[in-house]
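Hi,

Here is the structure I said I would pass on. Have a look at it first, and my notes follow underneath.

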Amino acid sequence: MLNIEIDVANAIATLSPDSSLSEADFKRATEVIDPFIEQHGKLNGLIISVESFPGWDSFGGLLSHLTFVKNHHKEIKNIALVTDSSLSSIAEDIASHFISAKVKAFKYSELDLAKTWIVSNNDE
């Protein structure tokens, strides 16, 4: 399941998966995030917070993930990967070639630092 929280004051969405990602997870994320973007114009940031990457439950889950990124990357200014997974540094480099948002990796214990980074990058 994908837990979704929106910090309305700072326009930051936090996604925290606690199991393999599914098509339903990204459908629900879209149902929560899209109305916020419609009302406020954008998200200042998206935080993906997970100690280790859980993967996808199916190929459909992966495709839903890629579709979510494709449909939302222009409305999100900053993406913070908050994880101890070794994939975070690779994801940071790869993502910068495909999305317009700034992407930065943080250790799993640095959630507050990630939020501060997003808020400070919003002031630019």
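**Helix H4 and what it leans on**

Let me start with H4: its 12 residues reach 17 Å from the first C-alpha to the last, close to the 16 Å expected at 1.5 Å a residue. Before I go on, please keep in mind that this is a predicted model.

Which residues of H4 are buried? They are Ala114, Trp117, Ile118 and Asn121. These residues sit on the same side of H4, because they cover an arc of only 95° around the axis. The general rule behind such a pattern is that an α-helix has 3.6 residues a turn, so residues three or four places apart point the same way. As for partners, the buried residues of H4 pack against E2, E3, E4 and E5.

Asn121 deserves its own mention. Its place is in H4, which covers residues 111-122, and its relative accessible area is 9%, so it falls under the 20% cut-off for buried. Leaving aside neighbours within four places in sequence, Asn121 is in contact with Lys77, Asn78 and Lys102.

**The whole chain**

Stepping back, the protein chain has 4 helices and 5 strands. From the N terminus on, the order is β-β-α-β-α-β-α-β-α. Of its 124 residues, 40% count as buried. The accessible surface comes to about 7,000 Å², and 55% of that belongs to carbon and sulfur atoms. If you take contacts between residues at least 6 apart in sequence, 73% of them join residues at least 24 apart.

**The cores**

The largest nonpolar core holds 19 residues, and Leu2, Leu15, Ile33, Leu43, Leu46 and Ile79 have the most contacts inside it. Two or more residues come from each of strand E1 (2-7), strand E2 (12-17), helix H1 (23-40), strand E3 (43-49) and strand E4 (76-82). H1 gives the most, with 5 residues. As general background, nonpolar side chains tend to be buried together in soluble globular proteins.

What does Leu46 touch, leaving aside its neighbours within four places in sequence? Leu46 is in contact with Ala13, Leu15, Ile33, Ile76, Asn78, Ile79, Ala80 and Ile118. Apart from the largest core lies another one, of 8 residues, with Ile12, Ile47, Ala80 and Val82 among them.

**Helix H1 and Ser64**

H1 has 18 residues, which should span 26 Å at 1.5 Å a residue, and its end C-alpha atoms are indeed 26 Å apart. Its buried residues are Asp25, Phe26, Ala29, Ile33, Phe36 and Ile37. Just after H1, Gly41 takes a positive phi of about 90°.

Phe26 also turns up in the surroundings of Ser64, a residue of helix H2 (residues 59-72). The two are 38 residues apart along the chain, yet their C-alpha atoms are separated by 6.1 Å. Not counting residues up to four places away in sequence, Ser64 touches Glu23 and Phe26. Ser64 has 17% relative accessibility, so it counts as buried with the limit set at under 20%.

**The E1-E2 hairpin**

E1 and E2 pair in the antiparallel sense over 6 bridges. Within that pairing, Asn3 stands opposite Ser16 in E2. The two strands form a hairpin with 4 residues between them.

Where does Ala11 lie? Ala11 is in the loop between E1 and E2. Its phi is positive, at about 55°, although it is not a glycine. For context, most residues other than glycine have a negative phi. Ala11 counts as buried because its relative accessibility is 10% and the limit is under 20%.

**Phe106 in strand E5**

One last residue to look up is Phe106, in strand E5 (residues 102-106). Is Phe106 buried or exposed? Its relative accessible area is 6%, so it is buried, the cut-off being under 20%. Not counting residues up to four places away in sequence, Phe106 touches Ala80, Leu81, Val82, Thr83, Leu113, Ala114 and Trp117. Phe106 and Leu81 are 25 residues apart along the chain, and their C-alpha atoms are separated by 5.9 Å. Two of those contacts, Ala114 and Trp117, are also among the buried residues of H4, which brings us back to where I began.

Cheers

Notes:
Residues are numbered from 1 along each chain as its sequence is written. This is a predicted model: local features need pLDDT of at least 70, side-chain atom pairs count only at pLDDT 80 or more; totals for chains, interfaces and linings use all residues. Side-chain values use heavy atoms; hydrogens and water are left out. A nonpolar core is a set of buried Ala, Val, Leu, Ile, Met, Phe, Trp, Tyr and Cys residues joined through side-chain atoms within 4.5 Å. Buried means under 20% relative accessible area, exposed over 50%, partly exposed in between (1.4 Å probe, protein chains only). Contact means heavy atoms within 4.5 Å. Two strands pair if DSSP finds at least two bridges between them. Accessible areas come from the Shrake-Rupley method with a 1.4 Å probe; for residues, only the protein chains shown count as cover. The expected span of a helix is 1.5 Å times one less than its number of residues. The arc is that of the directions from the helix axis to the C-beta atoms.
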